[in-house]
Amino acid sequence: METGCWLVGCEFEDSVFEDGRQRRAGPPASYCAKRCEPQWFYEETGSSDNVEALTIKKFRGDLAYRRQEYQKALQEYSSISEELSLTSFAMKRDVQEGQARCLTHLGRHAEALEIATNLETKATNTDHLTTVLYLQLAICSSLQNLEKTIFCLQKLISLHPFNPWNWGKLAEAYLNLGPALLVSSQKRNSFTSSDKAIKSSSPHSGKDCLLCIPEISPESSKFSMDASSSDSQQNEKALKNTQNSVSEKREAVLIETQIKACAAFVRTRLLLQLTQSQQTSFALERNLKTQQEIEDKMKAFRFKEETLLLISEILKYCISLNKKIHPLLWEKILFQRK
């Protein structure tokens, strides 16, 4: 064909017209996988590749974390984070997660939460977000902050509503939340009542009467005794009313957390029953053991049988919708129908 007469799309690679590669006679050569000695990354490799050097540092940090040498692991992760390029997204996520976990074990929870929050804002898919939420859950659990722990579990359940183990963790968190709220309210009320008692019993609690001893006549003394007696009766009455209202609030808080915990346990049991037919061996054994543990814990609530049936009906309906239902929805329905 003459020069300049090529048709568009008719060009071919020269390799198309070459003869096929001849196969060697006999069996193929055996494949030898590259074998590395244990802890090979501690040796001096002398590699000029920056990515390989950073990978080696990450392996060192991972091994230090495995050995519970959290300060050493944090130093390795921090040195990597400073040298990583902006395009190394996967490596940067792993390193930042390692930093947050090390900071958690070292008791620096505020810094760990800051890193985890930053990772959450940069999550690009459900898997990344799930990993970050489990990281936040670990930090809040280590911090023993039950309210934030419950919030993390609620977000995880919104992503994975059919995961029974997250529902079980949510139930346990609600069980622990009730006594914690009672203890905190008792402390607040004891401080408040003691402050009131001190102020009412102090004869010189005025602004300008600090450490002063005024002169009192017999007439004024009698008047002050009558006034103080009526004031003490009013204070006792007010204190009694306050204690009654506080006890009612405590009971209401305890019942509310117990209902939430019970509902989460029921949801856990229903989801375990759905997967029971598909499991065998140790997975089935764990499933049945968890269901029995839930039964034992639900007996401690001492709810009526009608209440438990109502909770089961509502949660079965939620599961049958096959939708991602926010965990607060069934709580709202439950309290409306209770």
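This report describes a predicted model of one protein chain, beginning with its overall make-up and then turning to several helices and single residues.

## Overall make-up

The protein chain contains 11 helices and 0 strands, and read from the N terminus its elements follow the order α-α-α-α-α-α-α-α-α-α-α. Of the 338 residues in the protein chain, 28% count as buried. When contacts with a separation of 6 or more are considered, 60% of them in the protein chain join residues that stand 24 or more positions apart.

## Helix H1 and its neighbours

Helix H1 covers residues 50-66, and its 17 residues should span 24 Å at 1.5 Å a residue, a value with which the 24 Å between its end C-alpha atoms agrees. Its buried residues are Leu54, Ile56, Lys58, Arg60, Gly61, Leu63 and Ala64, and the elements that cover these buried residues include H2 and H3.

The packing of H1 against H3 can be described in terms of angle, distance and handedness. The two helices pack at an angle of about 30°, and their axes lie 11 Å apart. Because angles under 35 degrees count as roughly parallel, H1 is roughly parallel to H3. The crossing in which H1 passes H3 is left-handed. On the side of H1, the residues that take part in the meeting are Thr55, Lys58 and Tyr65, while H3 contributes Met91, Asp94, Arg101, Cys102 and His105. Lys58, one of these H1 residues, also appears among the buried residues of the helix.

Glutamine 96 is another residue of helix H3, and with a relative accessibility of 13% glutamine 96 counts as buried. If its neighbours within four places in sequence are left aside, glutamine 96 is in contact with Ile115, Asn118 and Leu119.

Helix H2 spans residues 70-83, and glutamine 75 has its place in this helix. Glutamine 75 is exposed, its relative accessible area being 51%. Although glutamine 75 and cysteine 102 are 27 residues apart along the chain, their C-alpha atoms are separated by 9.7 Å; cysteine 102 is also one of the H3 residues that meet H1.

## Helix H5 and its ends

Helix H5, made up of residues 126-143, has 18 residues and reaches 25 Å from its first C-alpha to its last, which is close to the 26 Å expected at 1.5 Å a residue. The residues of H5 that are buried are His128, Thr130, Val132, Leu133, Leu135, Gln136, Leu137, Ile139 and Cys140. These buried residues pack against three helices, namely helix H3 (89-105), helix H4 (109-121) and helix H6 (146-159).

At the N-terminal end of H5, asparagine 125 acts as a cap, with a side-chain oxygen placed 3.1 Å from the backbone nitrogen of aspartate 127. Just after H5 comes glutamine 144, which takes a positive phi of about 60°.

## Two loop glutamines

Glutamine 68 follows H1 and has a positive phi, and glutamine 144 likewise has a positive phi just after H5. In both cases the positive value belongs to a residue other than glycine. The table sets out where each of them lies, together with its phi and its accessibility.

| Residue | Loop | Phi | Relative accessibility |
|---|---|---|---|
| Glutamine 68 | between H1 and H2 | near 65° | 57%, exposed |
| Glutamine 144 | between H5 and H6 | near 60° | 70%, exposed |

Both entries count as exposed because a relative accessible area over 50% is what the term requires, and the values for glutamine 68 and glutamine 144 meet that condition.

## A buried arginine in helix H8

Arginine 267 lies in helix H8, which is formed by residues 218-276. Is arginine 267 buried or exposed? With a relative accessible area of 1%, arginine 267 is buried, since the term applies to values under 20%. What does the side chain of arginine 267 reach? That side chain reaches the backbone oxygen of proline 161, and the distance is 3.4 Å.

Key. Residues numbered from 1 in each chain as written. Predicted model: local features only at pLDDT ≥ 70, side-chain atom pairs only at ≥ 80, totals over all residues. Heavy atoms only, no water. Helix = DSSP H or I, 4+ residues; strand = E, 2+ residues; numbered from the N terminus. Expected span 1.5 Å × (residues − 1). Buried < 20%, exposed > 50% of the residue type's maximum accessible area, 1.4 Å probe, protein only. Contact = heavy atoms within 4.5 Å. Polar contact = N/O pair within 3.5 Å; in protein donor to acceptor, adjacent residues only side chain to side chain. Axes fitted to C-alpha atoms, helices over the stretch in contact; angles between N-to-C directions. Parallel < 35°, antiparallel > 145°, perpendicular 65-115°, else oblique. Left-handed = near helix turned anticlockwise from the far one by under 90°.
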